[in-house]
Structures are given as structure tokens and as C-alpha cells.
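This report describes one protein chain, going from overall composition to individual strands and helices. The sequence and structure come first.

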Amino acid sequence: MPQATLQQFYIPEEQSVYLLSHHDARKLKDWVALCQAQLTQLGYQGIELIGKGAYGFVFAGSAPSADANPNYVFKFSRITLPTHLQERLEEEAFMLDQVSHPRIPGLVAYQRSRGQSILVMERAPGWNLEQISLKQGRLSPRLIMRIAAQLADILTALRRESGPQSRPVVHGDIKPSNLVFDPEHESIALIDWGSSVFAQLDAQLQFVGANVMELMSDNLQQTNARLGDVYFIGEDQLNGALSSPRFDEQGAAGTLYALASAQSCRFGHRAIPACSLGLPMEFARTLDGMLDPDPLVRRKAGDYFLKAMPRMAKGVMIDLPSTVQVPLVPVWGRPAQQEIDTVVYSSRKAFLREANAQETLNDVNDVQLDRYYKQFMQGMGETEKAFLASVSRLGKYPVVGGLAVRWEREGVYIDSSLNLHDPSLKPAFIESVNNMVHLARAIHRQGVFKSCLFNARQTLHLERTSVDEPFVSESTMAISYELSAVPELEDRTRQHSYFEDGPDPEELLVLPESIMGVLQQLNDIHHTGMIIFEALPQHLKIHSYYRLLDPAKEKEFRDLLDRILASVSQIEGLGVSGFMKMPYKDTRYFTHMESQPERYYPRDPRGYVKRLANQ
């Protein structure tokens, strides 16, 4: 049986532990426990897991000492990685030791315990800016200017030829989650030096401190740059240019843009330019320049940013009264019955790719590249990438439901069922939803994009020892559903169907007739939800979210869901197949719109607030 390409499925950076097989989840938990035990044996206290990425795990803890800052961060590399990637932790320790700045938490120690490398660093107080962005939505223009001034200060320090090696240092991975924000002092700290290198070129793109022998050697013909996060790094770094301080300018521009617009990437700047975000005019135009496709415009704007930022930051700014955002497509709020661990499944993405797009990154062998980029975004235009990232961002909220976006010549049609389970996050969530709509309007294609958002904690897992055996459901298993307290009946002509767009060309699993027949019957019962089957060689995952809107049909509904589980033994082949049903057709139509209109911070903010109060 040919192995299906299964990586097309998840966009999130990190798979939820609830999507792992029982064996893999146990292995992960055991390894985390082992790391915590090792740190405790080394004398540290209060150990907690605070982050994980493609290369490793990050813990926090404290040392019982009289230091001014006894709080530390511990970084472990994943033991499953090849040795050359595990050694990156030692290189990160070396690079961190080269930089000294009050906004850069310093190196405490690099040590090995039982063959496991551990990097110990100071811990900056506060939360990373990606977490704050998800909670608050767009950061206020005043706060963006505060953060921009501090970032400019860090970049200026990094490009000075100081430190033991007398060479500029490139951080290589500036993004919101690598900036820790202390709300008390409104100060930032730049963390995670795993992608940092010594610059090969200076800001003027001249070789750094190179003698004749170095210029003739290979190491100045090939980049020493690490990849960093492809959602934020600039084109030069992505395309393998020689490393220079310009890389970090690009990361800083992408970061400031994302925080000002409530996005999780830099790609949306054509459809939602910085000039439309209510920022001071001079700063907004500088930011748009730094994100410009023309490298000369980018460099000029980058120079201006570093030179003018200290002056721009001195402008009088106050937090303006926030206006209530109206969602462009419906957003429902329902308090959660249980904890939600949202995962996004998106299909029908192929039409978003450019025809004959050049595949530039096939030779790059990098864990993060495979995870983030190759399967999802390569060969897409900037706005298409931003649209996919905006859907991905919705999955960072406790939300379940679905989304169907249809592009036609005359405009964009959006069907949606978005149920947010934490009312406190609604304003920020609405901004993310509206960004998704703005980006969709700027895309000129014809095609359908579908996305399901489900709670990974409800995923059912069935395991088998080989591909030749059937999957068998346990008698205690059940597909869960919510029940509407009162019938939510609708005009039958407005009911949405499972089979609205026919079979999905990007899904590879053909379901047996027995399951398809049950889905036909389910389709006639008024409900909303989705079901996705993901068949791997030894593991079947059934992801679902159901809400029955006709309580009188509960017994019939439950029996049909039980019949689906009874039929899983007939599933053959590998791949993914999913079906989604909206509560009813409530399609929203939008005309195409290339770019959001200009909107700047008022020149006289206090006068502006007074005028608002008098209206």
C-alpha cells in the first residue's frame, strides 16, 4: 500500500499532546519528568515546563541563593535529534556569552548531566509578546512605540563590533514569542539565541573584518545563517544570503507589524499595511518601508528606523479610548464545559499556491522548515501565506467550529461557525477573525478553502500493530457531543450540508460505504459540527466536534455516532478524510479589497479624545 503524504495536515507549530499516540504521549511525559528530576538533583527548585519547540524543551526554576535575580531558564535539546543539532545548545551558550546588554538575559552556565546538555540562563520577568498579543489583540500605538524604541536600542548594540570577537552578532530569530515583556516597567528582553551567528557582512553589506585569506576561503561564499522562524524572518535570510545585521532589522519590522495588527506573521503587510493601523504617520511609513519587497527601500527604511527611533519615541502619546470591534462574520460565545485544546485542520489549500512557483527551499535540511513551511506555504504569495497564518492564529484560542471561504470573480463568500469558550478573549479573537476576512478579500483566486477547529482533548485514538490489521473500537468509546437545551430549528432550505462541495481533492483517505451511509443520515438531523478521520500505519485518530440542535432526535443521533465507531474496522488505506456541517447557511459576502485604507494616530491625541467625548 503506498504511503500517503500525511504532513499536509496540521499548521500549528507544536502538536498538542492529546494528538499523540498513547506510547508517544507516555514517552514525552516520562522525558519531561526526567528533565525535572535532573534539575532538582542539581539543586534547583520550583521546576515547571514553560515552552517547547522544534529543537528542545524549556523549563523555569529558581536557585536558593542571594542573587538579585534567582530565577532561571533551563533549555534541553530533544534527545531524538541528530548529534549536530543537539550540539547547537553549546553553540547557543557560546553566542549568548558574546553579548552583553541590559535587555538581554545573560548566560548562567552550560552543563551536561548524564549525557544531556542543559543551558542555564537568567529569566526575564513577564510574558512573551505573542501571549500578550493573543490576550489583548492589537497593542496600543503608544506601547508599540515603547517596544520599537527598545528594539532599535538592542539592534544598535548588536551591530557594534564589540565583544571578544569584535564582530557584529545576528540574533536571527526576532519574533514576538522571543521578546519577554514586563508590564510593570513596559520593558522588553530578547531571548532564545539558538539561531544567532557572527555577521559575515556589516550593515553596509561589506565583509566584516575579513583579511585576504578569509575572503578567498569558502566560508564567505556560503551563509552561516540559521533559518529562524519563517513567519518572521525576511527574504534575505529565507533565501540563504550571507548573514548581516539587516536580518534582525527584518525580524524587528515583522514583529512590530504583527503586534500592531494582531497577526502571527509578517506576511499580511500588503493587504493590511502598517499605514492602516492607527500608528504615528512617520513610524507607520518607516515600518511599511522595512517590509517593502524592494531591498533598497528596505535598507533605507532600516537605517531611518535606527537613526530616528529615539526621537520618534519622545512624541507625546496617550492610550486612546478603544472602539468596540464588530465581528465581520458571526462569533458565538459559550462558556466551556471542559478545557479546550484547539487544533486547526485546513484542507483545499492547493489553489492558493502560485502556478509554476519556484521551489527555492528544497535543499534546506531543517526541522523547523519542514514543520512550518514546506508542506503549507511554499509557492504562495505573501497575502495567501498571511491568510493561512490568520486561520492558524484562530486555533490559538479556545474555539471550536468551522470555516468555509469561497472565492469567486465578484467577491468572497464566507460561511462560519466559530464558538469561543472564553468570553474574556472575545475582543482579541474578533480582531483575529476580522484580519482573516481582510486578508481573504485581498486574494484574487477562484476556489474553496475549508478549515475545522476542534478540541484535541476529545480526539479518539485507536491503535493496531500493523497496517494489515483492522482498527477496532473499544466498547467504552463514544463520540462526544453537546446538546442544545431547546430546539434551534431552521428553515430546511438554509441547512448546510456535509457534502456541500463534493470530495476534497487534497484528502487521501477513502471512507467505507458503511460510514458514508451514516454520514448521509446524520446530514438530515439538524446539528453543527465536524468529524475527521486520520489514518496512520498503526494509529487512527478520530477528531470531532458535534452540537445537536434538535434534542428530540438525540437517541437517533447517538445511535448513528455509535454506528460510525462500529464501522472503523472497515477503514482501509492511509490518509485524512473530513466532513463539516454548519448550523445553517448564513453566508456573508464581501467585495474584493486590495488593501485597508490609511489610518494614523492623531497629531493632537488629547484634542482628539476631547472631541470624542463631546460627540
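Of the 615 residues of the protein chain, 54% are buried, where buried means under 20% relative accessible area, exposed over 50%, and partly exposed in between (1.4 Å probe, protein chains only). This is a predicted model, in which local features need pLDDT of at least 70 and side-chain atom pairs count only at pLDDT 80 or more, while totals for chains, interfaces and linings use all residues. Residues are numbered from 1 along each chain as its sequence is written, and side-chain values use heavy atoms, with hydrogens and water left out.

The protein chain exposes about 27,500 Å², of which carbon and sulfur atoms supply 51%; accessible areas come from the Shrake-Rupley method with a 1.4 Å probe, and for residues only the protein chains shown count as cover. Among contacts in the chain with a separation of 6 or more, 75% are between residues 24 or more positions apart, a contact being heavy atoms within 4.5 Å. The chain has 16 helices and 21 strands. Helices (H or I, at least four residues) and strands (E, at least two) are DSSP runs, numbered from the N terminus.

Several strand pairings are set out below; two strands pair if DSSP finds at least two bridges between them.

| Strands | Bridges and sense | Opposed residues |
|---|---|---|
| β13 (residues 399-408) and β14 (residues 411-420) | 10 bridges, antiparallel | Val 405 and Ile 414 |
| β13 and β15 (residues 447-455) | seven bridges, antiparallel | Leu 403 and Ser 451 |
| β3 (residues 71-77) and β5 (residues 116-122) | five bridges, antiparallel | Phe 76 and Ile 118 |
| β4 (residues 107-113) and β5 | six bridges, antiparallel | Ser 113 and Gln 116 |

Eight of the 10 residues of β13 are buried, so this strand is largely enclosed by the rest of the structure. A hairpin through two residues connects β13 to β14. Strand β5 is likewise largely enclosed, because six of its seven residues are buried. Two residues also lie between β4 and β5 in their hairpin, and Arg 114 in that turn has a positive phi of about 55°.

An open, antiparallel sheet is formed by three strands in the order β6-β8-β9. Strands β6 (127-128) and β9 (187-190) are at the edges with a single partner strand each, so one side of each has no neighbour in the sheet. β6 is joined to β8 (residues 179-182) by two bridges, and Asn 128 stands opposite Val 180 in β8. Helix α5 (residues 141-159) lies across β8 and β9, at about 40° to β9; axes are lines fitted to C-alpha atoms, for helices over the stretch in contact, and angles run from 0 to 180 degrees between N-to-C directions.

Ser 133 belongs to helix α4 (residues 129-136). Its relative accessible area is 0%, so Ser 133 is buried. Leaving aside residues up to four places away in sequence, Ser 133 touches Leu 259, Ala 262, Arg 393 and Tyr 397.

Which residues of α15 are buried? They are Phe 557, Leu 560, Leu 561, Ile 564 and Leu 565. Seen down the axis of α15, these residues fall within an arc of 145°, so they line one face of the helix; the arc is that of the directions from the helix axis to the C-beta atoms. The face turned away from the buried side of α15 carries the exposed residues Lys 555 and Ala 566. Cover for the buried residues of α15 includes β16 (460-463), α14 (513-523), β18 (527-536) and β19 (539-548).
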